[in-house]
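Work through the exercises below with the sequence and the model side by side, and try each task before you read its solution.

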Amino acid sequence: MKNFFLLTIQKRWVFACLFVLLAVFGYYSWKQLSIEAYPDIADVTSQVVTQVPGLAAEEVEQQITIPLERALNGLPGMHVMRSKSTFGLSMITIVFQDGVEDYWSRQRVQERLNEVELPFDAMAELDPLTSPTGEIYRYIIESDHHSLRDLTDLQNWVIIPRLKEVSGVADVSNFGGITTQYQIEIDPQKLEQYDISLDEVIEAVENNNSNVGGSVLNRGDLGYVVRGIGQISSLEDLGMIVVSSEKGVPVFLNDLGKLKYGNLERKGVFGYSDRTREYSESIQGIVLLLKHENPSVVLNGIRAAVDELNTEILPEGVHIHAFLDRTELVETTLNTVSRTLLEGMALVIIVLIIFLGSWRGALLVAVTIPLSMLIAFILMHLTDIPANLLSLGAVDFGIIVDGAIVMMETILKKREDHEGERLTELSIAQRVALVARPIIFATIIIITAYLPLFAFERVERKLFTPMAFTISYALIGALLVAVLLIPGIGYALYRKPQKIYHNKWLEKLTAAYSKVVNRIVLQSKKIVLTVVAVFVGAIILSITVGKDFLPELDEGSIWLQVNLPPGISVEKSKEMSDTLRMRTMKYPEVTYVAVQAGRNDDGTDPFTPSHFEVSVGIKPYKEWPRGKTKADLIEELAAEYAGMPGFTVGFSQPMIDGVMDKISGAHSELVVKVYGNDFKETRRIAEDVLNTLREVKGSVDLDIDQEPPLPQLQIHMNRDAIARYGLNVSDVNDLIEIAIGGRAIAQFYQGDRVYDITCKYREDARDTPEKIAGLMLTSATGAKIPLSQVADIRLSTGESTITREMNKRHLTVKLNLRGRDLGSFLKEAQATIEKNVPYDHNLYRIEWGDSLKTSTGPIPAWLSSCRWRWELCLSSFIVLSEPSGGRPGVNDCAVGLIWGYAGAECEGYDPECFVCCRVYCVVWDCGPEWGDHGFSYE
């Protein structure tokens with residue numbers, strides 16, 4: 001090893017140039033790194049979305065969800081499968097185990113879906129490949145003279161296609177607005193007057209809306225492509241379709257009802273308020289990040305596309321206003337990390353100058369910090385480890401500079417011992433070779449302290465392993481600087497004779513400390529007993545101390561889940577949205593409130609108008625009144641909402657809310673699931689659980705995730721009557737689906753845009769149960785039969801949402817936790833539920849959500865890490881320790897190691913104590929020439 005260090009000293013400027021090149025490459029790697037505000041902790045998931053407009057939750061579950069679940073059962077690598085069946089929508093979420101690759105899992109899901117044939121021409125589709133933390137950009141479209149319908153068309157056909165051109169964008173979803181349709185509103189009395197059936201109307205539209213190709217017509221040297229153009233191009237074309245003829249007089253479509261520009265039945269609205277805007281109804285776009293892409297790069301592309309849309313593409317007066325841009329959070333993260341790095345470097349330099357007494361040596365040691373971080377960036381770039389606030393903020397500069405300090409102190413000590421002589425390269429090489437091995441071992445020991453983090457699973461693995469990689473890479477960089485750069489540059493700085501600064505007060509402190517250590521070493525039995533007592537106390541504390549599932553990461557915003565009275569209309573939901581925004585904007589810390597009421601058009605949110613998702617923006621904390629915190633604002637808002645009748649509000653944050661939904665199937669920190677097939681009894685048990693948890697301290701924002709049963713108009717068909725009149729059940733179904741609900745029967749093309757042509761009866765012909773009962777069916781003989789003659793029409797109730805997990809129905813009680821640790825709350829809550837909630841344990845089951853099913857994997861890894869650290873320390877003591885006159889040897893150092901180890905475990909195995917213990921023992925035993933100064937730098 002001496003020869004190696006002699007080479008580093010002789011070729012010191014070569015090594016210096018090498019580190020300069022590494023620094024340049026490190027800066028390049030930093031610019032290429034995927035920088036995230038917080039780590040993406042979501043599992044690998046795939047979501048299957050199937051829309052069946054007009055179908056009730058019970059039929060969706062029976063005919064759509066269950067067949068799909070059966071096809072997806074047993075997928076390789078599947079961890080859990082959940083589903084939600086609601087009005088017109090089936091959603092199945094498959095969560096995969098750690099290590100399963102995203103694209104591979106989606107391919108397996110798609111293979112299974114291809115095998116399933118669903119009724120109603122339903123098509124099961126996969127959601128975009130994104131993450132619950134992938135909503136990186138939200139915007140509204142505003143204009144002072146364009147209608148909401150015009151803005152929706154611009155959103156669907158101009159803005160979204162342009163944003164999807166940005167590489168790294170998985171999808172852009174729309175919320176709110178009016179989706180245009182060409183609507184045929186049939187007057188049933190006109191059908192009776194002209195003796196026309198509903199089937200004839202549909203057939204006429206389908207037969208009069210198509211273009212065809214007639215191959216090529218050759219004329220001389222030219223070939224003409226033959227096209228037959230018969231597609232509908234306007235409402236006038238649609239109205240001129242001939243449905244039938246009466247005594248030679250054609251009956252046109254516009255003779256049977258009204259043709260108009262309408263809109264898709266609205267399932268939700270979007271409202272927005274900030275300090276300068278107030279939109280009771282607006283339109284929102286949500287840009288989703290493709291998983292594993294660099295959000296900073298993608299956001300740059302998105303902002304460029306938005307600028308192009310605002311300045312060049314959109315009509316005059318139309319403007320895109322972004323109200324949520326992840327760039328702000330990323331920049332805040334970078335500013336925080338940069339400030340921490342600079343403050344840490346400054347503090348280290350000041351402390352080193354005071355203790356080393358050499359500003360040149362202090363600056364040389366301080367160079368370790370940026371170089372080690374740049375080397376870490378290189379390794380992170382090469383191994384695809386993203387940078388985030390948690391990983392970068394966890395780097396301890398005290399650990400980083402330890403090795404460099406030892407090297408620098410070694411050179412300074414050599415300079416001090418030979419103050420009037422010129423140092424030789426060989427003498428410095430011999431001296432630094434003595435401490436190189438301890439430094440290497442100390443670094444390895446520190447890295448092994450982070451090995452348990454690599455044994456975590458699922459969410460905790462994704463949260464902590466980037467931090468472990470980052471710290472380990474930084475330690476490797478610091479080690480390279482300490483053994484390759486510091487000896488050569490240190491020799492260049494101190495080879496000439498020079499006066500050495502003697503720190504008088506530190507020498508006195510060191511002497512006093514040495515006396516204390518000597519007394520302690522002579523009473524080793526007492527020390528061992530003390531350490532054992534401390535270790536036992538640490539074990540007791542680890543059992544009794546409060547525990548949490550994940551540390552809380554402040555995202556700088558608030559996310560609300562709001563439940564309203566079940567079954568309310570879209571208009572009433574819009575009115576309550578206005579109230580919520582107005583009451584929230586009263587607080588000066590709030591910058592904007594965006595309310596998503598109900599479901600978006602693409603059907604990926606299984607909500608009714610009785611549910612709000614609310615994004616609340618807040619000012620930077622430095623602009624808040626002194627002493628006020630986010631928790632204080634949440635308490636104020638909670639008190640405000642508690643006084644608003646009809647509102648049940650839960651608090652969370654945007655990214656973690658989506659993650660928790662994927663983990664446990666509900667938008668809350670904690671969930672209790674009640675499994676059972678009987679809807680009434682399952683809800684009774686869930687309500688008992690809800691009321692029981694209200695009495696447990698710490699539980700807030702409690703609610704049952706699934707809405708209670710909703711009113712239904714049920715049409716029960718009489719098969720005997722249907723057969724007697726020569727009808728089929730499908731005839732009745734068509735009347736219900738088309739005449740009452742409305743169905744798309746054709747499409748209308750306008751340039752690059754396409755709109756549905758829908759058919760249904762006039763509103764005033766189907767707005768009461770009595771009018772629906774009087775709707776006419778046409779038999780094969782042309783006879784007119786009222787619907788009431790072949791079906792029983794009654795008012796009843798039915799499930800709004802049916803949730804399942806691993807093929808079993810369940811209801812979900814959701815809650816958040818404030819003011820109490822998770823461990824003690826869970827213990828009390830489980831005991832209280834078991835005591836106070838009666839139910840048949842054979843037919844029903846109560847379980848807590850996945851977020852509490854923590855893994856025991858880290859425990860054996862932690863024990864292995866402990867063993868490895870002990871063996872490394874002990875082996876290095878045996879090899880290097882050579883006790884001399886009155887100085888402690890292996891046994892005494894082992895006592896110190898046990899002490900440090902126990903202290904480390906009490907503090908959560910902070911490994912810095914091992915550096916102190918390791919370097920102290922080795923340096924003390926290096927020989928009499930070191931005197932009593934070996935540990936002065938610590």
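This is a predicted model, in which local features need pLDDT of at least 70 and side-chain atom pairs count only at pLDDT 80 or more, while totals for chains, interfaces and linings use all residues. Residues are numbered from 1 along each chain as its sequence is written, and side-chain values use heavy atoms, with hydrogens and water left out.

**Exercise 1.** Find how Lys-572 and Glu-575 are placed in helix α21, and state how far apart their closest N and O atoms are.

Solution. Begin with the rule that a salt bridge is a side-chain nitrogen of Lys or Arg within 4 Å of a carboxyl oxygen of Asp or Glu. The closest N and O atoms of Lys-572 and Glu-575 are 3.2 Å apart, and the two residues form a salt bridge. Next, look at helix α21, which covers residues 570-584 and in which the two residues are three apart, so that about one helical turn separates them; helices here are DSSP runs (H or I, at least four residues), numbered from the N terminus.

**Exercise 2.** Decide whether Glu-165 is buried or exposed, and do the same for Arg-162.

Solution. First recall the cut-offs: buried means under 20% relative accessible area, exposed over 50%, and partly exposed in between (1.4 Å probe, protein chains only). Glu-165, at 59%, is therefore exposed, whereas Arg-162, at 17%, counts as buried. Finally, the side chains of these residues, Glu-165 and Arg-162, meet in a salt bridge of 3.4 Å, N to O.
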